[in-house]
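Got your viewer open and a selection box ready? Let's walk through this one stop at a time.

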Amino acid sequence: MADRKPEDWLREEYFVLLPQVRRVVQNLETRVRHELLPLTVHLKNFERIVITSGSKDCESAIDTLRRAQGESKVFDPNRGGTYTLTDLRDLAGVRVLAFPRTRWIEANDLLRAVFSSWESRPMQDPLSKSILVHKYNGYCSSTDQIRAELQISPMLIGQFLDIEHSAIYKPSPELEGAKPMMRDHTNAVFSALQAFDAELERLMQERNST
Amino acid sequence: MTMKEKMQILEAAGYRYNFKREFYINRVERKVFSVEFIEDSKEERLRAALATPGPSAGDWDFKFNTAPSPSVRRELVSILG
């Protein structure tokens with residue numbers, strides 16, 4: 001029988017882990033919805049808090065692990081079955097999108113208090129260094145094998161990242177070469193969306209005070 | 001020098017970004033530049049790396065910050081062809 005490649009071992013591992021991953025997703029989403037109830041029941045008409053959840057699919061998980069292998073971005077065939085998908089931080093994930101910015105801050109404060117032991121790895125604006133998206137990684141009570149990721153994002157930034165991720169970060173032959181070239185444009189969008197949020201917040205505060 | 005300017009130098013030298021592998025490749029020169037190497041290099045180092053002659057047919061020159069191990073190198077060569 002031909003030697004198995006690291007990818008073959010990882011595909012097998014994925015389907016062993018999948019039931020646990022699904023339990024983690026369900027567990028985390030339920031907890032997040034519960035903890036955010038004090039906010040979500042009092043939203044004004046124009047305010048939004050959207051909670052979504054999911055698990056990485058098999059090939060995406062393997063690809064993420066492959067890209068984490070330093071500059072070469074390939075698995076070392078000599079290491080065979082020593083790679084593991086449990087090294088990934090986000091096999092299971094829950095995302096909270098909030099609008100306006102004040103709701104994003106409140107949602108983060110509530111959830112950070114509950115998940116205080118989780119590792120904080122925020123996504124920062126490359127230019128201003130301000131936090132674009134709060135990200136926390138940790139384990140749910142249902143398993144100590146699968147690390148989960150909780151993202152809390154302003155809605156405008158989160159929806160932009162959705163498009164950016166699917167168009168630029170996932171392999172797409174027609175966009176080959178686009179990623180580094182798009183960096184300046186991506187940074188400009190972050191700045192514009194943050195400016196929009198900040199100005200809206202200022203206007204709302206001004207209106208509320210008159 | 002910005003990353004964009006470095007990428008323009010590479011593209012002018014015939015390198016193309018491979019999205020899946022996430023590095024710059026020139027199949028004629030048989031040379032590969034990692035994004036990390038490009039980011040960490042000043043213009044002089046980048047131009048010097050571009051100026052070195054490519055390897056003979058069947059081999060590739062990897063311009064990485066850390067040279068790949070022999071087995072990783074073999075894997076990369078088999079992928080690149």
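Start by selecting K6(B), I9(B) and L10(B) in helix α1(B): they meet E43(B), L46(B), R47(B) and L50(B) in α3(B). Colour that contact by class and you get four nonpolar, no polar and three charged residues. Keep in mind as you click around that this is a predicted model.

Now show the two helices as cartoons. α1 of chain B covers residues 3–12 and α3 of chain B covers 43–51; their axes come within 11 Å and cross at roughly 15°. Angles under 35 degrees count as roughly parallel, and that makes α1(B) roughly parallel to α3(B). As for the hand of the crossing, α1(B) and α3(B) cross in the right-handed sense.

**Next stop: the sheet of chain B**

Select the strands of chain B. In what order do the four strands of the open sheet run? The order is β1-β2-β3-β4, with mixed pairing. At the edges, look for β1 (16–18) and β4 (61–63) of chain B, each of which pairs on one side only. Sight across the strands and you'll see a twist that averages 30° from one strand to the next.

Zoom in on residues 23–26 and 31–34 of chain B. These are β2 and β3, an antiparallel pair held over four bridges. For a single bridge to label, pick I25(B), whose partner in β3(B) is V32(B). Then add residues 70–80 of chain B: this is helix α4, which packs on the sheet and touches β2, β3 and β4 of chain B. The direction of α4(B) makes about 115° with that of β4(B).

**Over to chain A**

Hide chain B and take in chain A as a whole. How many helices and strands does chain A have? There are five helices and six strands, running α-β-α-β-α-β-β-β-β-α-α from the N terminus on. If you want a box to set the view, the C-alpha atoms of chain A fill one of roughly 75 × 40 × 25 Å along the principal axes.

Select residues 6–40 and 101–114 of chain A, helices α1 and α3. Their axes come within 10 Å and cross at roughly 130°, which makes α1(A) oblique to α3(A). The crossing of α1(A) past α3(A) is right-handed.

Turn on side chains for this contact. From α1(A), pick R31(A), V32(A), E35(A), L36(A) and L39(A); from α3(A), pick R103(A), E106(A), A107(A), L110(A), L111(A) and V114(A). By class, the contact of α1(A) with α3(A) holds seven nonpolar, no polar and four charged residues.

**Along β5 of chain A**

Highlight β5(A), residues 131–139, and add its partners one by one.

- β3(A), residues 119–120, pairs with β5(A) in the antiparallel sense over two bridges. Label E119(A), which stands opposite N137(A) in β5(A).
- β4(A), residues 123–124, is also antiparallel to β5(A), again over two bridges. Here M123(A) has V133(A) in β5(A) as its bridge partner.
- β6(A), residues 147–154, runs antiparallel to β5(A), and six bridges join the two. Click Y139(A) and you'll find R147(A) of β6(A) opposite.

While you're here, look at the turn between β4(A) and β5(A). The two strands form a hairpin with six residues between them, and K129(A) in the turn has a positive phi of about 70°.

**Backbone oddities**

Which peptide bond here is cis? Select F99(A) and P100(A): the bond from one to the other is cis, with omega near 0°. P100(A) sits in the loop between β2 (92–99) and α3 of chain A.

Then jump to K73(A), a residue other than glycine with a positive phi, near 55°. You'll find K73(A) in the loop between α2 (58–67) and β2 of chain A.

**Last stop: the rings**

Bring both chains back and show the aromatic side chains: over all chains, the structure holds nine aromatic pairs. One to inspect is F160(A) with F190(A), an edge-to-face pair at 5.6 Å centre to centre and 90° between the planes. This pair links distant parts of the chain, 30 residues apart: F160(A) belongs to helix α4 (residues 155–169) and F190(A) to helix α5 (residues 178–209) of chain A.

How values were computed. Residues numbered from 1 in each chain as written. Chains lettered and ligands numbered in written order. Predicted model: local features only at pLDDT ≥ 70, side-chain atom pairs only at ≥ 80, totals over all residues. Heavy atoms only, no water. Axes fitted to C-alpha atoms, helices over the stretch in contact; angles between N-to-C directions. Parallel < 35°, antiparallel > 145°, perpendicular 65-115°, else oblique. Left-handed = near helix turned anticlockwise from the far one by under 90°. Contact = heavy atoms within 4.5 Å. Nonpolar A, V, L, I, M, F, W, Y, C, P; charged D, E, K, R; others polar. Pairing = 2+ DSSP bridges. Phe/Tyr/Trp six-rings, centres within 6.5 Å; stacked < 30°, edge-to-face > 60°.
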